[in-house]
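Please explain how this structure is put together, beginning with its chains and proceeding to the packing of its helices.

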Amino acid sequence: MTALIEVNNLTKRFGKLAAINNVSFTVEENTIHGLLGRNGAGKTTLMQLLTGQEFATSGSIRVFGESPVENARVLNKVCFVKESQKYPEDFTATHVFRSAPWFFPAWDADYAQRLIADFRLPVGRRIKKLSRGQLSSIGVIVGLASRAPLTFFDEPYLGLDAVARQIFYDRLLEDYAEHPRTVILSTHLIDEVSDLLENVLVLNDGEVIIDSDAESLRGSATTVVGKRSDVEAFAAHREILHRDGIGGIATVTVARLSDTERSEALARGLELSPVSLQQLIVQKTKAPSQEFEQSA
Amino acid sequence: MDESRPIFVQIAEQIENDILSGTLPEEAQVPSTNEFAAFYRINPATAGKGVNLLVEAGILYKKRGIGMFVTSGSRARLVTQRREEFHTEYLRPLVAEAAKLGITQHQLADMIREEKSA
């Protein structure tokens, strides 16, 4: 596998704020990456840097082996679907889809037509008359039908209902299987997408806190429930991600357990339950901000 | 999908279950990686990893350019393997739970017989 994106010691400052703080990672070709994190974590800034829409303060970015900034060779192969994409108000969706081939050499107009039918998008209606969800579906259709070798989806489905989101996931998987490409999906709906992702990159306050393949994150944390004294005894000397309790019952979330540790816990009468990717990320990213200010 | 275990292991188990139940007879073609991915709504690479697990174990074999097929004799092999796992996965927890509830071994044996005739 080859690295399609290589980022080294990347920093982006807006005044005093380091929106991206000394970040390094790589993205392999033809994988689906999840870019996750809280609001303001730096996800959109990172994607703007990767697509040459922002200048880095320091550090290096290589996309297809080159700098993306004002580089048509790179940007021809990139599609960036933004959360709040603006279109001229008097356009119709048809105008958007007719102009798409100018920017995306691999644009598949027949596929776009099928997606329009799937999403029931009224293509003749003016943009300003469309609902939020219908606007989002324009972005999703552009992102899929452009078949760009590198596609970014930044919260692509604001206002899309559950049915439309499921259509998006299904079409993304189908089309990715037939036309492999690199997809970077930024989202807050982690539970919905966790099975689609091959790799996960989690940003928190401008820093990468998790960069892992999705399979090894599964089962990387376990919640232990039981009598407070038993739980405390079991959890001693372990990394605790989260702690909670009510009355005499305690729950702690601990890092990965081996098979022997699991049977040991069960023998002590403790209950074990898995932690979903979403819960894991919530627990890893909810540290109060003053802790970060103190450590900074 | 079960959150606690890797998805590719679960895909492999699902295929094994289909072989055991006869849904996938020996020498039958199994669905492609992409079909598995679309059906279970998972990443195709993950589905491929699950299928490869069974290829390595000799349960499935590849016909180049055609697809994956169930190896002859793999059902019998899976039965043997699953019987070994039956003890740790089912029997031991059953006996432990029965002991917790004060169910004697005789009562447990009776319950199993009744369950079977029901």
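The paragraphs below describe the chains, then the contact between them, and then selected pairs of helices.

The model is predicted. Chain A is divided into two parts, domain 1 covering residues 3–216 and domain 2 covering residues 220–274. The centres of domain 1 of chain A and domain 2 of chain A, taken over C-alpha atoms, are separated by 38 Å.

Chain B is likewise described by domains: domain 1 spans residues 7–72, and domain 2 spans residues 83–117. Between the centres of domain 1 of chain B and domain 2 of chain B, again over C-alpha atoms, there are 33 Å. Chain B contains 5 helices and 3 strands. Read from the N terminus, the elements of chain B follow the order α-β-α-α-β-β-α-α.

The overall dimensions of chain B can be considered next. Along the principal axes, the C-alpha atoms of chain B fill a box of roughly 55 × 30 × 25 Å. The radius of gyration of chain B is 18 Å, whereas a compact globule of 118 residues would have one near 13 Å.

The two chains touch each other. On the side of chain A, 16 residues are in contact with 16 residues of chain B. Helix α6 of chain A, residues 162–178, gives the most to the side of chain A that touches chain B, with 6 residues. By class, this side of chain A has 8 nonpolar, 2 polar and 6 charged residues.

Within chain A, one pair of helices may be examined in detail. Helix α4 (residues 109–119) of chain A packs with helix α5 (residues 132–145) of chain A at an angle of about 150°, and their axes are 10 Å apart. This angle makes α4(A) roughly antiparallel to α5(A), since angles over 145 degrees count as roughly antiparallel. The crossing in which α4(A) passes α5(A) is right-handed. From α4(A), the residues Tyr111(A), Ala112(A), Leu115(A), Ile116(A) and Phe119(A) meet Ser137(A), Ile141(A), Leu144(A) and Ala145(A) of α5(A). The contact of α4(A) with α5(A) comprises 8 nonpolar residues, 1 polar residue and no charged residues.

In chain B, helix α3 takes part in two packings, with α1(B) and with α2(B). Consider α1(B) and α3(B) to begin with. How do the axes of these helices cross? The axes of helix α1 (residues 7–21) of chain B and helix α3 (residues 44–56) of chain B come within 8 Å and cross at roughly 55°. The two helices are therefore oblique to each other. The crossing of α1(B) and α3(B) is right-handed. On α1(B), the contact is made by Ile7(B), Phe8(B), Val9(B), Ile11(B), Ala12(B) and Ile15(B); on α3(B), it is made by Thr46(B), Ala47(B), Lys49(B), Gly50(B), Leu53(B) and Leu54(B). Divided by class, the contact of α1(B) with α3(B) has 9 nonpolar, 2 polar and 1 charged residues.

The second packing joins α3(B) to helix α2 (residues 33–40) of chain B. The angle between α2(B) and α3(B) is about 120°, and their axes lie 8 Å apart. These helices are therefore oblique to each other, and α2(B) passes α3(B) in a right-handed crossing. Here Thr33(B), Asn34(B), Phe36(B) and Ala37(B) of α2(B) meet Pro44(B), Ala47(B), Gly48(B) and Val51(B) of α3(B). The contact of α2(B) with α3(B) has 5 nonpolar, 3 polar and no charged residues. Ala47(B) of α3(B) thus appears in the contact with α1(B) and in the contact with α2(B).

Key
Residues are numbered from 1 along each chain as its sequence is written. Chains are lettered from A and ligands numbered from 1 in the order in which they are written. This is a predicted model: local features need pLDDT of at least 70, side-chain atom pairs count only at pLDDT 80 or more; totals for chains, interfaces and linings use all residues. Domain bounds come from an automatic or database domain assignment. Axes are lines fitted to C-alpha atoms, for helices over the stretch in contact, and angles run from 0 to 180 degrees between N-to-C directions. Helices (H or I, at least four residues) and strands (E, at least two) are DSSP runs, numbered from the N terminus. Angles under 35 degrees count as roughly parallel, over 145 as roughly antiparallel, 65 to 115 as roughly perpendicular and the rest as oblique. A crossing is left-handed if the near helix is turned anticlockwise from the far one by less than a right angle, and right-handed if clockwise. Two residues are in contact if their C-beta atoms, placed from the backbone, lie within 7 Å. Ala, Val, Leu, Ile, Met, Phe, Trp, Tyr, Cys and Pro count as nonpolar, Asp, Glu, Lys and Arg as charged, and the others, Gly among them, as polar. The radius of gyration is taken over C-alpha atoms; the globule rule is 2.2 Å times the number of residues to the power 0.38.
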